[in-house]
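Student: Please give me a close look at a single part: the strand that sits amid the salt bridges, and what surrounds it. I want cut-offs with every term.

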Amino acid sequence: MKAKLLAERCPAQSDMRRPIAACPKGAVVHSKDESAPLGGRIDIDDALCDGCGICVPLCCGNAIAVE
């Protein structure tokens with residue numbers, strides 16, 4: 001099982017860092033993307049994610065699920 005981002009729920013703001021800071025593997029990151037509505041996006045690196053689920057309750061938009 002891995003964490004998956006539900007992009008339609010994600011506000012993708014870099015100052016909403018709770019899931020980013022809490023990930024012990026560094027799998028949750030914010031990337032600048034000028035084509036995104038708010039100038040950035042949140043990504044979850046499948047290669048780094050171990051499915052621990054720490055990020056799920058910390059996401060302010062309920063945009064992360066472990067599947």
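Tutor: Start with burial: buried means under 20% relative accessible area, exposed over 50%, and partly exposed in between (1.4 Å probe, protein chains only). The model is predicted, so local features need pLDDT of at least 70 and side-chain atom pairs pLDDT 80 or more, whereas totals for chains, interfaces and linings use all residues. Numbering runs from 1 along each chain as its sequence is written, and side-chain values use heavy atoms, without hydrogens or water.

The strand is S3, residues 40–44. Strands here are DSSP runs (E, at least two residues; helices are H or I, at least four), numbered from the N terminus. In a regular strand, side chains alternate between the two faces of the sheet. S3 shows that alternation. Gly-40, Ile-42 and Ile-44 point to one face and are buried. Arg-41 and Asp-43 point to the other face and are not buried.

Next, the neighbour. S2 covers residues 28–32. S2 and S3 run antiparallel and are joined by five bridges. That counts as pairing, for which DSSP must find at least two bridges. One of the partners is easy to locate: His-30 bridges to Ile-42 in S3.

Now take the buried face. The largest nonpolar core has 14 residues. Such a core is a set of buried Ala, Val, Leu, Ile, Met, Phe, Trp, Tyr and Cys residues joined through side-chain atoms within 4.5 Å. Two S3 residues, Ile-42 and Ile-44, are among those with the most contacts inside the core. Ala-3, Val-28 and Ile-64 are listed with them. Contact here means heavy atoms within 4.5 Å. Leaving out residues up to four places away in sequence, Ile-42 touches Leu-5, Cys-10, Ala-12, Ile-20, Val-28, Val-29 and His-30. Its bridge partner, His-30, is thus also one of its contacts.

Turn to the other face, where the charges are. A salt bridge puts a side-chain nitrogen of Lys or Arg within 4 Å of a carboxyl oxygen of Asp or Glu. The structure holds three. Arg-41 takes part in one with Asp-33, at 3.2 Å from N to O. Arg-41 also pairs with Asp-43, at 3.1 Å from N to O. Asp-33, Arg-41 and Asp-43 are therefore linked in a network.

Burial varies across that network. Arg-41 is partly exposed because its relative accessible area is 35%. Asp-43 is partly exposed too, at 23%. Asp-33 counts as buried because its value is 19%. Asp-33 sits in the loop between S2 and S3. Beyond four places in sequence, Asp-33 touches Gly-39, Gly-40 and Arg-41.

Ser-31 adds to this face's surroundings. Ser-31 lies in S2. Its contacts beyond four places in sequence are Gly-40, Arg-41 and Asp-43. At 19% relative accessibility, Ser-31 is buried.

The remaining salt bridge starts just past S3. Lys-4 and Asp-46 meet at 3.4 Å, N to O. Lys-4 is in strand S1 (residues 3–5), while Asp-46 is in the loop between S3 and strand S4 (64–66), so the pair ties together parts 42 residues apart in sequence. Lys-4 is partly exposed, at 28%. Asp-46 is also partly exposed, at 38%.

Finally, the cysteines. Cys-10 is a contact of Ile-42. Cys-10 is buried, at 16%. A disulfide is a covalent bond between the sulfur atoms of two cysteines. The test used here is a pair of cysteine sulfurs within 2.5 Å. A search of the whole structure finds zero. The sulfur of Cys-10 has its closest cysteine sulfur in Cys-59, at 6.0 Å, which is too far for a bond. Cys-59 is in no disulfide either; the nearest cysteine sulfur to its own is that of Cys-60, 5.4 Å away. Cys-59 counts as buried because its relative accessibility is 10%.

One last loop position: Gly-61, between S3 and S4. Gly-61 is partly exposed, at 22%. Its C-alpha is 12 Å from that of Ile-42, and the two are 19 residues apart along the chain.
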